[in-house]
Amino acid sequence: MPVTDLILKDLKQRVIDGEPEPAVALAREALAAGCIPDVIFKEALFPAMDEVGRRMQCHEYFLPEVLMAARSMQACAAVVRPLLLKGPALKPIGTALACTVAGDLHDIGRSLVCLMLEGAGFSVIDLGNDCQPERIVAAVREHQPDIVALSAMLTTTMLNMKRVIEALKAADLRDRVHVMIGGAPVDDKFAQEIGADFYGDDAPGGSNHARDYVTSAKA
Amino acid sequence: VSADRALPLPGTVRRWAPIAPVVPADLILRLQKYRDLARVPRAIRLIADAVASEASRLLAPEAVLWRGPVTEVDPAGAISIGDAHHFHSRALARLLATAAEAYVVVLTLGEGIDERARSMLREQLLVEGLLMDTAAWAAIELLLRDVRRFLLDQERVGGRSVTHRLGPGHRDWPVTEQAALLRVFGEVPLPVSVNESACMLPRKSVSGVYGIVPAS
C-alpha cells in the first residue's frame with residue numbers, strides 16, 4: 001500500500017476517534033507526502049464522517065463522540081481547504097442552509113446537522129436560531145441553496161416551519177429548494193402536513209438524505 | 001433545601017434560594033447515554049470533568065413554592081387549582097385524582113450557566129457547550145430531587161405523601177398553559193418569565209405540580 005494511502009487511512013481513523021491534534025498532524029503529513037487536498041477530503045475526511053454517522057445511528061457513538069469527530073474533521077479541513085485553491089477544485093456537492101425557526105432558541109441539534117452536512121460534502125450556511133421566515137427567504141434568494149434544513153424543539157415553534165414553507169411559496173422559491181425538517185416535536189406526518197419534503201429523525205439521517213437528494217437531482 | 005425550611009401555608013407562596021448542588025461529571029456523562037463510563041473516550045472525560053467543575057460555580061438557583069387546594073378534577077382533563085386557575089390535561093387529572101391539595105413549584109438556575117453554554121456553542125466549542133447544557137439539566141434534576149424529598153419529609157408527618165411532578169409540556173399537558181400555571185403565584189415576583197413561545201426564561205428553569213395525597 002502506498003505511503004499516502006497509509007497516512008489517509010490513519011487520518012480517517014483519527015477523525016473517527018475524535019483526536020484533533022493527531023488528525024491535523026496527519027493531514028499535514030499527507031500534504032507533505034504529495035496528497036492533493038481533494039483526495040484528503042474524499043478519501044479520509046468525508047468517509048470518516050460517514051462512519052461517525054453510521055456509528056451514531058446504531059448507537060455505538062453518542063453525541064459527544066460525534067462532536068469530537070466533527071471537531072477533528074473541521075480542524076483538518078482548516079489546514080487542507082486553503083490549499084484547494086492551488087490544486088484541482090473540490091466542488092461542494094451542494095449548498096445547504098440550516099436554521100432554527102422563529103421563537104426557538106435551541107442550537108445544539110442544528111449545529112450537529114450542519115456538521116454532518118459539512119462532513120457529507122456540502123457548503124453549509126448556518127443562519128442560527130430564532131429565524132423569521134422573511135430572513136430565511138432572503139437567505140435562500142442570496143445563497144440559492146439546494147437544501148433548506150429547519151429545526152424546532154418546541155411544540156409552540158414547530159408551527160413556524162409551516163410559515164417558512166408558505167413564505168417560500170409566496171416568494172416563488174419553494175420549487176427551487178428541498179425542505180427538510182427535524183427536532184424533538186416533529187415527525188414524518190407533520191412534515192407531510194406542512195408540505196416539507198423530508199423529516200429526519202437524526203442528524204446523520206438528514207445528511208444522508210440530503211446527499212442522496214442532490215446526487216440524484218444533479219445526475 | 002434551604003437554611004429556612006418552612007413550608008408555605010395553604011394559599012401562600014414561599015420563595016428561597018436553594019443551595020447549589022455539586023454536579024458530578026459521571027451524571028453528565030450518564031445523561032449523555034454513557035451507561036458504561038469506562039468506555040468514555042479520555043478527551044470527553046476530561047471535558048466533562050472541567051465542565052462539571054465550572055458548572056457548579058455558575059449556578060444561582062432560586063425556587064418558588066405555592067401550596068393550595070385542588071378545587072376540581074374532571075377525569076376528562078379539566079383541572080382547577082386555587083381560586084380560579086384552570087388547566088387541561090388528562091395526565092394532570094390522573095396525578096391529582098386523590099389530591100385535596102397541591103404544590104406548584106418553579107425552579108431556575110439563573111442566567112449564568114445557560115449563557116456560558118451558549119457562549120461555548122457560539123465559539124464552536126460544541127462538546128463543551130453540549131456538556132454544559134447537560135450539566136444544567138443535571139443540576140435541575142438534583143434540585144428537584146431535593147425539593148421532592150423535602151416535601152415528602154414534611155407531608156409524611158401528617159400521614160400524607162407527594163406525587164411525582166408534572167409540568168406543562170409534558171405528557172398531554174399543553175406547554176401553552178405555562179403562563180397560566182405561573183399565575184398561581186399571584187403578585188409574588190418570580191425569578192422567571194414566559195416568552196411568547198411558552199418557553200421559560202432563564203431557559204434553565206422548570207415548573208410543575210405535585211399532588212398532596214394520602215400516604216398509602
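**Exercise 1.** Determine what span helix H2 (residues 42–58) of chain B should have, and compare it with the distance between its end C-alpha atoms.

*Solution.* Helices are DSSP runs of H or I with at least four residues, and strands are runs of E with at least two, numbered from the N terminus. The expected span is 1.5 Å times one less than the number of residues. For the 17 residues of H2 in chain B, this gives 24 Å. The end C-alpha atoms are 25 Å apart, which agrees.

The model is predicted: local features need pLDDT of at least 70, side-chain atom pairs count only at pLDDT 80 or more, and totals for chains, interfaces and linings use all residues. Residues are numbered from 1 along each chain as its sequence is written, chains are lettered from A and ligands numbered from 1 in the order in which they are written, and side-chain values use heavy atoms, without hydrogens and water.

**Exercise 2.** Identify the buried residues of H2(B) and the helices against which they pack.

*Solution.* Buried means under 20% relative accessible area (1.4 Å probe, protein chains only). The residues are B:Ile44, B:Ile47, B:Ala48, B:Val51, B:Ala52, B:Glu54 and B:Ala55. They pack against helix H4 (63–84) of chain A, and against helices H1 (25–31), H4 (112–122) and H5 (126–156) of chain B.

**Exercise 3.** Describe the elements of chain A and assess its compactness.

*Solution.* Chain A has nine helices and five strands. Its radius of gyration, taken over C-alpha atoms, is 18 Å, close to the 17 Å of the globule rule (2.2 Å times the number of residues to the power 0.38) for 219 residues, so chain A is as compact as a globular protein of that length. Buried residues make up 55% of the 219 residues.

Conventions:
Buried < 20%, exposed > 50% of the residue type's maximum accessible area, 1.4 Å probe, protein only. Contact = heavy atoms within 4.5 Å.
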